[in-house]
There are 2 protein chains.
Amino acid sequence: MQVKDCIVSAPGKAILHGEHAVVHGKVALAVCLNLRTYLRLKATTTGKVCINLPNIDTFLCWDLSELKRLIPYSYGKREEVKLLDAELVRRLRDFFGVTNGNLDTCNMATLSFLYIYLSLFGPGELPSLTVSVWSELPTGAGLGSSAAYSVCLAAALLCASGAIPTPLKEWDHTAKWCQEDLEQINSWAFQGEMIIHGNPSGVDNAVGTWGGMLRFLAGKIIPLSRVPLLRILLTNTKVPRSTKVLVARVKDKINKFPSIMTPVLDSVDAVSCTCEKVLSEMTSKPITGEHYNILEELIDINQHHLNVMGVGHPALDTLCQVTLARGLHSKLTGAGGGGCGITLLRPETDSFVVQGTIQDLQDRGFDCWETSIGGPGVQQHSPLSIKEDILEILNHY
Amino acid sequence: MQVKDCIVSAPGKAILHGEHAVVHGKVALAVCLNLRTYLRLKATTTGKVCINLPNIDTFLCWDLSELKRLIPYSYGKREEVKLLDAELVRRLRDFFGVTNGNLDTCNMATLSFLYIYLSLFGPGELPSLTVSVWSELPTGAGLGSSAAYSVCLAAALLCASGAIPTPLKEWDHTAKWCQEDLEQINSWAFQGEMIIHGNPSGVDNAVGTWGGMLRFLAGKIIPLSRVPLLRILLTNTKVPRSTKVLVARVKDKINKFPSIMTPVLDSVDAVSCTCEKVLSEMTSKPITGEHYNILEELIDINQHHLNVMGVGHPALDTLCQVTLARGLHSKLTGAGGGGCGITLLRPETDSFVVQGTIQDLQDRGFDCWETSIGGPGVQQHSPLSIKEDILEILNHY
């Protein structure tokens, strides 16, 4: 069986407002972060399935005959993809020799790949192919790198299996799938996320699939119809932290000082809602400097609130100060306690200021990228539309 | 007429929690700041009334005959001291040649002195005396220096006039007045404050009179029955600011983002109430480290809230960071936007840490004092109970 080659990409995710508050029933705004994961799927005639993940030094191949043995006997094409196929997961874990529950990044990535591959092709003939992935996203930084990977896998393998079409026309650089196909990509990406995270919220794969921005409230995910593209800096302080510990810290503080903390959560909720309103206005009316002033004020307010919740960190204070010295406003994004922060750039912020700020932040030992939020979700690419260095990596394997 | 000599002192004031929020109907906690103003009243036979205010380079004398002419004809001893005697104020302003409404610090200080002096002695014979004042408080820093001065004036002149007794016994170092006398001191101090500030809240003179701590809510001032004495550092960043501008800034922000800011004010209110509860517990139960932990957390939370209100300043951020580097917690006190901050010291914080912190803050160009909050209000002193350098200044004139 010969499948179609394709190149796809999916973005990362950042929380614009509402991290932590979302755990306590408040609105969060999750946005597409235009640091992307690229995946190239190539049909081969080697009788093997190969995966190359140079970001995590993982290069693996399996004979098709080997993989065939993993398919459960009772296997048929599944329509319901809300739950994992427990038998297939068990067989895959046995295959990798990880029965104790602890999967490392490499195991999780390959397991979710093979899970989707076998689920989609299992009932019929397994195709010989090679998948190569390169990501601009740092892993384990709360930026949805695993979801971007799962979305790419789902899109490419669904196309390869013929379940959805490849949308790219001969003359296109990039192309998107229709709503119905995106739903399918998102469902299968969520399966990948379940393998990697156990109990994912579904926000990361939704952002990776649809891009733009979405409102997350009490487990419900609502993509916003239109949002402006905002230039940002993404900074990784590289201070390691545990999301679990930070979430518990906020909970403890709420229990300790309910009369003080409850209004803070309400205020964060209002920040998210005000931000959503302003962003929506920016797509329906001419964008003014005042729109950006408000976005900056909201960023500052929320950063102070996150400090009240106890999830700040001196490295994040440094980020805020360094950028403010250049007139730019920053907040942590995600769990806090270190990790990443975002800095809003105004349309008129010139590249001299941006480059200077990046240099200042790198001088503090931080990683820093100029990118954008609110951009496109999963896309198919022509090779010409991919940055040369990334294409080189994808083609190398 | 020969009056009794006396030395009195009154403390400054700091806002522990609730600055700005109090303008919007929330609780504020005002505390006695043990940087004190000392006043020495000495009977003389020169036929003159002299005032020496070396802090502001003011040294003035008037002939009793000159002052007599200022007393309104219809003048009698007034029992009702809630309002200023408009005729006396007019005559005093004429006497100083300030009819346009703008009084400088020196004019305000002498005018309020002569107002209280003439009000208390006017109906009878004017005594010849010299008043010398020295203050440890920086002026114009929101620390109630004018109220401490007015309280001292009221206490010393009320004693000199015989309206209240001098409480100091031969064997005492310091002594306090009874509740009824304090009420009278406070009333007359409020008159002085009205001359200096136009429309004072009455909080500063109440703290200067009663000391300790008081709860201020919707114009009502309630002294707390018992509060612990807390060691603090008081830091003056010396960044000039206008209280009026800062109050207006907060108001604008509330109008701009009501849904975001209203809960912040509620949270500040809860901070004040929680603090009051903890402080009250510290006087009724054994003081534990956890009490101090909570006081520190409340300081941090409120400082973040004040930043949300837009009344922070980089100099105040520096104060917080420098002290946190030594494990100490700080917040702005008063209007913010520069001005002063307080840093809580724990009972076990040793003098090596304190001295190092003071040095660090002075290296940033700040003034810094080790003092306490929650201490005594207005007091009479024996000369022996006054620090030598201050006594020397008071005796010099």
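1. A word on the annotations before anything else: UniProt positions are quoted in the numbering used here, feature names are shortened, and an annotation may be inferred rather than shown by experiment. With that in mind, the UniProt record (an unreviewed entry) puts "domain: GHMP kinase C-terminal" at residues 294-350 of chain A. Keep in mind too that this is a predicted model.

2. In the model, that C-terminal span is 46% helix and 18% strand, and its end C-alpha atoms are 20 Å apart. The same unreviewed entry type applies to the other feature: UniProt lists "domain: GHMP kinase N-terminal" at residues 122-208 of chain A. Here the helix share is 48% and the strand share 10%, with 26 Å between the end C-alpha atoms of the span.

3. Now the two copies. A turn of 180° with a shift of 0.0 Å along the axis lays chain B on chain A, with an RMSD of 0.0 Å. The two copies are thus related as by a two-fold rotation axis. If you want a residue to look at, P263(B) comes closest to that axis among the residues of chain B, its C-alpha lying 2.4 Å away. As for the interface, 100% of the interface residues of chain B are also interface residues in chain A, so the copies meet through the same surface.

4. Charge pairs deserve a look. Side chains of opposite charge can pair when their charged atoms come close. Over all chains, the structure holds 34 salt bridges. One of them crosses between the chains: E297(A) and K253(B) meet through their side chains at 3.9 Å, N to O. E297(A) sits in helix α9 (residues 289-308) of chain A and K253(B) in helix α7 (residues 243-256) of chain B, so this pair joins two chains. Both E297(A) and K253(B) are buried. There is also a network, in which salt bridges with shared partners join E87(A), R90(A), R91(A) and D94(A).

5. Within chain A, K331(A) and E19(A) form a salt bridge, with 2.9 Å between the closest N and O atoms. This pair links distant parts of the chain, 312 residues apart: K331(A) belongs to strand β10 (residues 329-333), while E19(A) is in the loop between β1 (6-17) and β2 (28-43). Buried or exposed, K331(A) and E19(A)? Both are buried.

6. Another pair to check in chain A is E276(A) with R215(A), a salt bridge whose closest N and O atoms are 2.6 Å apart. E276(A) lies in helix α8 (residues 258-284) and R215(A) in strand β7 (residues 213-217), so the pair ties together parts that are 61 residues apart in sequence. E276(A) has a relative accessible area of 18%. The cut-off for buried is under 20%, so E276(A) counts as buried.

7. Finally, K26(B), which is found in the loop between β1 (6-17) and β2 (28-43) of chain B. K26(B) is buried, because its relative accessible area is 17%. Leaving aside residues up to four places away in sequence, K26(B) touches A21(B), F216(B), L217(B), L265(B), D266(B) and D269(B). With D266(B) there is a side-chain to side-chain polar contact at 2.9 Å. T174(B), by contrast, is 148 residues from K26(B) along the chain, and their C-alpha atoms are separated by 36 Å.

Definitions and conventions:
Residues are numbered from 1 along each chain as its sequence is written. Chains are lettered from A and ligands numbered from 1 in the order in which they are written. This is a predicted model: local features need pLDDT of at least 70, side-chain atom pairs count only at pLDDT 80 or more; totals for chains, interfaces and linings use all residues. Side-chain values use heavy atoms; hydrogens and water are left out. Helices (H or I, at least four residues) and strands (E, at least two) are DSSP runs, numbered from the N terminus. Buried means under 20% relative accessible area, exposed over 50%, partly exposed in between (1.4 Å probe, protein chains only). Contact means heavy atoms within 4.5 Å. A polar contact is a pair of N or O atoms within 3.5 Å; within protein, one must be able to donate a hydrogen and the other to accept it, and residues adjacent in sequence count only if both atoms are side-chain atoms. A salt bridge is a side-chain nitrogen of Lys or Arg within 4 Å of a carboxyl oxygen of Asp or Glu. Copies are superposed by least squares on the C-alpha atoms of residues with pLDDT of at least 70 in both.
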